Amino acid sequence: MTGVQNGEASKEVVRRRSASATRTALRAAASFRFGKYGYEGTSVRDIAGDVGVDAALVYRYFGSKEALFNDVACTGKMFEPLLQEPVETIPDWFCAMLLGQPKEGDFPHPVLSVLRSSGRDEAVGRLRADLTEVFSKRLAARLGGADADLRAELLSAWMLGTSLMRTEIRSPALTSVPDATLERYLRAGIEVLMAPAPECDEHGSPDAEDAERDLALRCPDSCPIRRG
């Protein structure tokens with residue numbers, strides 16, 4: 001079969017694909033390209049070629065390269081499912097997000113997207129706005145209690161940092177650890193941030209007995225504190 005015939009067959013497959021499926025395929029291709037090569041290193045032609053469509057279709061569906069980047073890199077959309085979870089299952093959601101073998105280019109990591117953006121200040125502002133809306137406001141409101149906004153932001157910092165180290169930097173311990181071991185530590189830390197820290201006494205230090213009891217309640221069953 002000749003190359004022309006292959007191309008014609010490919011176009012026939014594309015014609016049979018629905019508009020919705022084509023948009024989904026373009027988003028997936030864009031996520032991979034932006035995540036691996038950054039904004040400047042990715043072209044609309046590359047994205048369209050990965051899907052087997054003309055570059056004009058990208059502009060038709062998304063308007064511009066920048067609009068497509070914003071669509072797939074929007075941190076708010078990425079974390080939207082978190083806001084639908086019952087509060088008690090939030091640790092499950094975080095662990096599911098962070099566990100499993102690291103995969104390259106699943107989506108443009110928010111931190112890398114900022115670092116690779118030519119308009120750094122604008123990218124930082126967009127990421128800050130997304131994280132503020134999702135974590136500092138909406139998740140914090142669901143957590144409640146003292147320092148809810150700080151605890152929510154610490155959760156986002158831990159998650160973004162852990163995912164960056166695990167999937168992009170690929171630090172040795174994080175990439176080789178068994179899922180069960182990593183999950184044990186993740187859950188212990190997440191549980192601590194889900195509830196307010198113990199109140200301090202008049203000297204500015206938490207009451208030792210209250211602090212130990214609070215920590216034991218929030219530790220996993222395997223934790224030495226709980227076993228003791």
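The following legends describe close-up views of a predicted model.

**Figure 1. Helices α10 and α12 pack against each other in a roughly antiparallel arrangement.** Helix α10 spans residues 148-169 and helix α12 spans residues 179-194. Their axes come within 9 Å and cross at roughly 160 degrees. Because angles over 145 degrees count as roughly antiparallel, α10 is described as roughly antiparallel to α12. The crossing of these two helices is right-handed. From α10, the residues R151, L154, L155, W158 and R166 take part in the contact. The partners supplied by α12 are D179, L182, Y185, L186, G189, I190, L193 and M194. Sorted by class, the contact of α10 with α12 comprises 9 nonpolar, 1 polar and 3 charged residues.

**Figure 2. A salt bridge joins R166 of helix α10 to D179 of helix α12.** The side chains of R166 and D179 meet with an N to O distance of 3.5 Å. The two residues are 13 residues apart, and the pair links distant parts of the chain. R166 has a relative accessible area of 2% and is therefore buried. D179, at 31% relative accessibility, counts as partly exposed. Both residues also belong to the contact between α10 and α12. R166 in addition appears among the α10 residues that meet helix α7.

**Figure 3. Helix α7 lies roughly parallel to helix α10.** Helix α7 covers residues 90-98, and its axis is 10 Å from that of α10. The two helices pack at an angle of about 20 degrees. Since angles under 35 degrees count as roughly parallel, α7 is assigned as roughly parallel to α10. The passage of α7 across α10 is a right-handed crossing. On the α7 side, the residues involved are W93, F94, M97 and L98. These meet L155, M159, T162, S163 and R166 in α10. By class, the contact of α7 with α10 contains 6 nonpolar, 2 polar and 1 charged residues.

**Figure 4. Helix α7 packs obliquely against helix α12.** An angle of about 140 degrees separates the directions of α7 and α12, and their axes are 10 Å apart. This angle makes α7 oblique to α12. The crossing of α7 and α12 is right-handed. Helix α7 contributes I90, P91, D92, F94, C95 and L98 to the contact. Helix α12 contributes L182, E183, L186, R187, I190, E191 and M194. By class, the contact of α7 with α12 has 9 nonpolar, no polar and 4 charged residues. Among the charged participants are D92, E183 and R187, and these three are linked in a network of salt bridges.

**Figure 5. R187 and E183 form a salt bridge within helix α12.** The closest N and O atoms of R187 and E183 are 2.7 Å apart. The two residues are 4 residues apart in α12 and are therefore separated by about one helical turn. R187 counts as partly exposed, at 23% relative accessibility. E183 is likewise partly exposed, with a relative accessible area of 24%. The network that contains R187 and E183 also includes D92, a residue of α7 that takes part in the contact with α12.

**Figure 6. A salt bridge connects D50 in helix α3 with R33 in helix α2.** The side chains of D50 and R33 meet at 2.8 Å, N to O. D50 belongs to helix α3, residues 44-51, and R33 to helix α2, residues 19-37. The two residues are 17 residues apart, and the pair links distant parts of the chain. D50 is partly exposed, with a relative accessible area of 42%. R33, in contrast, counts as buried at 17% relative accessibility. The count of salt bridges in the model comes to 4.

**Figure 7. S136 occupies a buried position in helix α9.** Helix α9 comprises residues 120-143. S136 counts as buried because its relative accessibility is 15%, and buried means under 20%. Leaving aside its neighbours within four places in sequence, S136 is in contact with L131, D149 and E153. L131 is also found in helix α9. With a relative accessible area of 16%, L131 is buried. The C-alpha atoms of L131 and A152 are separated by 9.8 Å, and these residues lie 21 residues apart along the chain.

Note on methods. Residues are numbered from 1 along each chain as its sequence is written. This is a predicted model: local features need pLDDT of at least 70, side-chain atom pairs count only at pLDDT 80 or more; totals for chains, interfaces and linings use all residues. Side-chain values use heavy atoms; hydrogens and water are left out. Axes are lines fitted to C-alpha atoms, for helices over the stretch in contact, and angles run from 0 to 180 degrees between N-to-C directions. Angles under 35 degrees count as roughly parallel, over 145 as roughly antiparallel, 65 to 115 as roughly perpendicular and the rest as oblique. A crossing is left-handed if the near helix is turned anticlockwise from the far one by less than a right angle, and right-handed if clockwise. Contact means heavy atoms within 4.5 Å. Ala, Val, Leu, Ile, Met, Phe, Trp, Tyr, Cys and Pro count as nonpolar, Asp, Glu, Lys and Arg as charged, and the others, Gly among them, as polar. Buried means under 20% relative accessible area, exposed over 50%, partly exposed in between (1.4 Å probe, protein chains only).
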